[in-house]
There are 2 protein chains.
Amino acid sequence: MKSNLSNLGDRLTYFTASNHSGQWRIVSIKPVTGDGLDDASYLSLNHHRDDDTVNSTEVPWQLCGVVSNTRYVTNEEKIELENIQAGLGRPQATCAALIPIRKTSTWWSLSQEERRDIFETKSHHTANSIPFLPAIARKLHHGRDIGEPFDFYTWFEYAPEDAAAFETLVSKLRSSLEWTYVDREVDIRLERVE
Amino acid sequence: MKSNLSNLGDRLTYFTASNHSGQWRIVSIKPVTGDGLDDASYLSLNHHRDDDTVNSTEVPWQLCGVVSNTRYVTNEEKIELENIQAGLGRPQATCAALIPIRKTSTWWSLSQEERRDIFETKSHHTANSIPFLPAIARKLHHGRDIGEPFDFYTWFEYAPEDAAAFETLVSKLRSSLEWTYVDREVDIRLERVE
């Protein structure tokens, strides 16, 4: 009897590193806080796990996240985000970033209202992100409740001309009060393989 | 490469039904809304999966849930709950209930503030539950993000003299606005095996 994770279908994404081939070429893997991840040349995103691939020595690491319900946005923010955000896979969005983060046990022991207060009222996570939409497409995957080494995997896609805007967005988030609760973060940059 | 769920340790609980033996004797399994679960005689709770047991024909079903961070309680409610609630395993608590529920896709597409409004402001989920503590001990396990057939598994333990109070609590919850978003519910009652 295997894990039921496969029941999640398209809600589940495997981020599989390889030195041989993949959908995206890894440009850099930089540890931001805490331990990094091993070097690799390519990354592929799939909704199902290929055990033959994963058991090979070609796979330095594999991460896995699940899309869940929203946690912090208000109804108004949710509607605004849904109206403005872009989907993944736009032809011009040849740049991508995968940013795995883990938050401290202190963060997870806070109540919902305390986390919302830090996330939005004090850190303006959503308000600061909205000006960068739809140029920067993003998808949030959760790892904490499926035993992953990181709590969140956010995947971003953008066109090369929006690379500077992406740096600004990442910099704003990292300087927020919310980020003082991040105890591990890795920054992976990628280019779409033609 | 196996699922990482085993990394969750004690946050993960397997609810394993058996017709042969177990920690708890199943008194009844009643479908409340939607499909029920197959009959079984015993139930055991474990933090690790025993594949030999699960593959045997002795196991009519197995459910699995993960303890996560709180989602709806305010800081004040959280502190009140922590101060008043009892732990599992009290010797006098020889009665138990496992209530698996699944909520509709409409519920999961609501924003956090809309769900909180239904959960507490309109349904008084926490306020209605607090008077029954510490007599009724409870532990909430999440299933939705690990591919389970139910979104939540709540495990309750209480002494026989608190059985009427437990019925009142369950009845209050089922008549709430929140419960109109429940599209599958099973009610399993148990007695501790001496």
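Start by selecting A:R189 in this predicted model. At 15% relative accessibility, A:R189 is buried, because the cut-off for buried is under 20% relative accessible area.

Now add A:E167 to the selection. The side chains of A:R189 and A:E167 form a salt bridge, with 2.6 Å from N to O. Look at where the two partners sit. A:E167 belongs to helix α6 of chain A, residues 163–174. A:R189 lies in strand β8 of chain A, residues 182–192. The two are 22 residues apart, and the pair links distant parts of the chain.

Is A:E167 buried or exposed? Neither label fits: A:E167 is partly exposed, with a relative accessible area of 39%.

Keep both residues on screen. Then select A:R174, A:E185 and A:D187 as well. Together with A:E167 and A:R189, they are linked in a network of salt bridges.

Move to chain B. Select B:R116 and B:E77. Their closest N and O atoms are 3.0 Å apart, and the two form a salt bridge. B:R116 is in helix α4 of chain B, residues 112–122. B:E77 is in helix α2 of chain B, residues 75–84. This pair also links distant parts of its chain, at 39 residues apart. B:E77 is buried, with a relative accessible area of 15%.

Next, select B:K122 and B:D117. They form a salt bridge too, and their closest N and O atoms are 2.3 Å apart. B:K122 is partly exposed at 48% relative accessible area. B:D117 is partly exposed as well, at 26%.

Finally, zoom out. How many salt bridges are there over all chains? The count comes to 24.

Note on methods. Residues are numbered from 1 along each chain as its sequence is written. Chains are lettered from A and ligands numbered from 1 in the order in which they are written. This is a predicted model: local features need pLDDT of at least 70, side-chain atom pairs count only at pLDDT 80 or more; totals for chains, interfaces and linings use all residues. Side-chain values use heavy atoms; hydrogens and water are left out. A salt bridge is a side-chain nitrogen of Lys or Arg within 4 Å of a carboxyl oxygen of Asp or Glu. Helices (H or I, at least four residues) and strands (E, at least two) are DSSP runs, numbered from the N terminus. Buried means under 20% relative accessible area, exposed over 50%, partly exposed in between (1.4 Å probe, protein chains only).
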